[in-house]
Amino acid sequence: MDQVNWLDVVLRWMHILAAVTAAGGTLFARFALLPSLEETLAPEQRQALHASIRGRWSKIVAASIAFLLVSGLVNFINAVRLYDLPKFYHALFGVKFLLALGVFFIASVVSGRSALAERFRRDARKWLSINAVLVVLIVLISGVLKVAEKTKKPAQPAAAMKTRVEDRGPWPATLRQ
Ligand code: HEM
């Protein structure tokens, strides 16, 4: 177990748990909850149930977004710092990031309480369908990022690092003998 970097493991747990919650919640809402509500409940009952779900779910949505952003950004910075990555990695990561921002925006608005939220909810089927497509695309892209060939960068020799730190001193090298 000495070989395990526990910070990496915790970040990965955070990312995967939040991703499963975001993707699972979206697909469940679109393909099970929404059609069942429309089929079985009168409009005012539907609204009451919806308000009750929203109160609980919006907190989980906010926590998932925070987890995904923090763990995702740290993972990305570490990948760039420690590995030589194929060129397409950065482009694909950029696409994934933009799609994720779209998912976060729609999920926050649909589960929120603003006037905009009310307008979005009138078109809930459309917005949940868009988010369902986006989360599936994000998971597919993430799979490619995960298996992309990454070559570990050679470690910096300690002596070279020492010289570079000294070079950053306030005096010109000639005065530092
Ligand atoms: C709805 C939002 C998101 C979903 C569903 C999602 C899903 C995933 C999944 C399934 C993985 C693969 C995990 C593994 O196999 O260990 C992953 C990896 C990753 N995600 Fe996300 N993610 C989301 C948002 C984000 C965001 C916002 C960022 C950046 C800020 C991000 C950055 C990353 C990075 C850097 C990796 C590692 C890729 C690699 O192994 O090279 N993700 N994500």
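## Getting oriented

Helices here are DSSP runs of at least four residues and strands are runs of at least two, both numbered from the N terminus. Read that way, the chain runs α-α-β-α-α-α-β-α from its N terminus on, with six helices and two strands in total. Please keep in mind that this is a predicted model.

The chain has 177 residues, and 14% of them count as buried. Among contacts with a separation of 6 or more, 82% join residues that are 24 or more positions apart.

## Helix H2 and its kink

Let us begin with helix H2 (43-82). H2 has 40 residues, and the distance from its first C-alpha to its last is 54 Å, close to the 58 Å expected at 1.5 Å a residue. Along the way there is a kink of about 30°, centred on Gly-55.

Which residues of H2 are buried? They are Val-61, Ser-64, Phe-67, Leu-68, Ser-71 and Gly-72. The buried residues of H2 pack against H1 and H3.

## A loop that meets the kink region

Gly-55 also turns up when we look at Gly-112, which sits in the loop between helix H3 (87-110) and helix H4 (115-122). The two glycines, Gly-112 and Gly-55, are 57 residues apart along the chain, yet their C-alpha atoms are separated by 8.5 Å.

Is Gly-112 buried or exposed? Burial takes 20 or more other C-beta atoms within 10 Å, and exposure 12 or fewer. Gly-112 counts as partly exposed because it has 17 C-beta neighbours inside 10 Å. Leaving aside neighbours within four places in sequence, Gly-112 is in contact with Ser-58 and Ala-117.

## Helix H5 and Val-135

Helix H5 (124-147) is next. The 24 residues of H5 should span 34 Å at 1.5 Å a residue, and its end C-alpha atoms are 35 Å apart, so the two values agree. Leu-128, Asn-131, Leu-134, Val-135 and Ile-138 are buried in H5, and the buried residues of this helix pack against H1 and H3.

Val-135 gives a good view of this packing. This residue of helix H5 is buried because 22 other C-beta atoms lie within 10 Å. Beyond its neighbours within four places in sequence, Val-135 is in contact with Ala-22, Ala-23, Thr-26 and Val-103. Val-135 is also 7.6 Å from Ala-100, C-alpha to C-alpha, though the pair is 35 residues apart in sequence.

## The nonpolar core

The largest nonpolar core holds 14 residues, and those with the most contacts inside it are Ala-22, Leu-68, Val-103 and Ala-107. Helix H1 (6-40), H2, H3 and H5 each give two or more residues to this core. The largest share, five residues, comes from H3.

Ala-107 is a handy place to look in detail. Not counting residues up to four places away in sequence, Ala-107 touches Ala-22, Val-61 and Asn-131.

## Around the ligand

How many residues surround the ligand? There are 22, and the closest are Ala-19, Gly-72, Asn-75, Phe-76 and Ser-142. One of these, Gly-72, has already appeared among the buried residues of H2.

H1, H2, H3 and H5 each supply at least two residues of the shell around the ligand, and H2 gives the most, with seven. By type, the shell divides into 16 nonpolar, four polar and two charged residues.

Methods
Residues numbered from 1 in each chain as written. Predicted model: local features only at pLDDT ≥ 70, side-chain atom pairs only at ≥ 80, totals over all residues. Contact = placed C-beta atoms within 7 Å. Core = buried A, V, L, I, M, F, W, Y, C linked by C-beta atoms within 7 Å. Near = placed C-beta within 6 Å. Nonpolar A, V, L, I, M, F, W, Y, C, P; charged D, E, K, R; others polar. Expected span 1.5 Å × (residues − 1). Bend = angle between axes of the 7 residues up to and from the residue.
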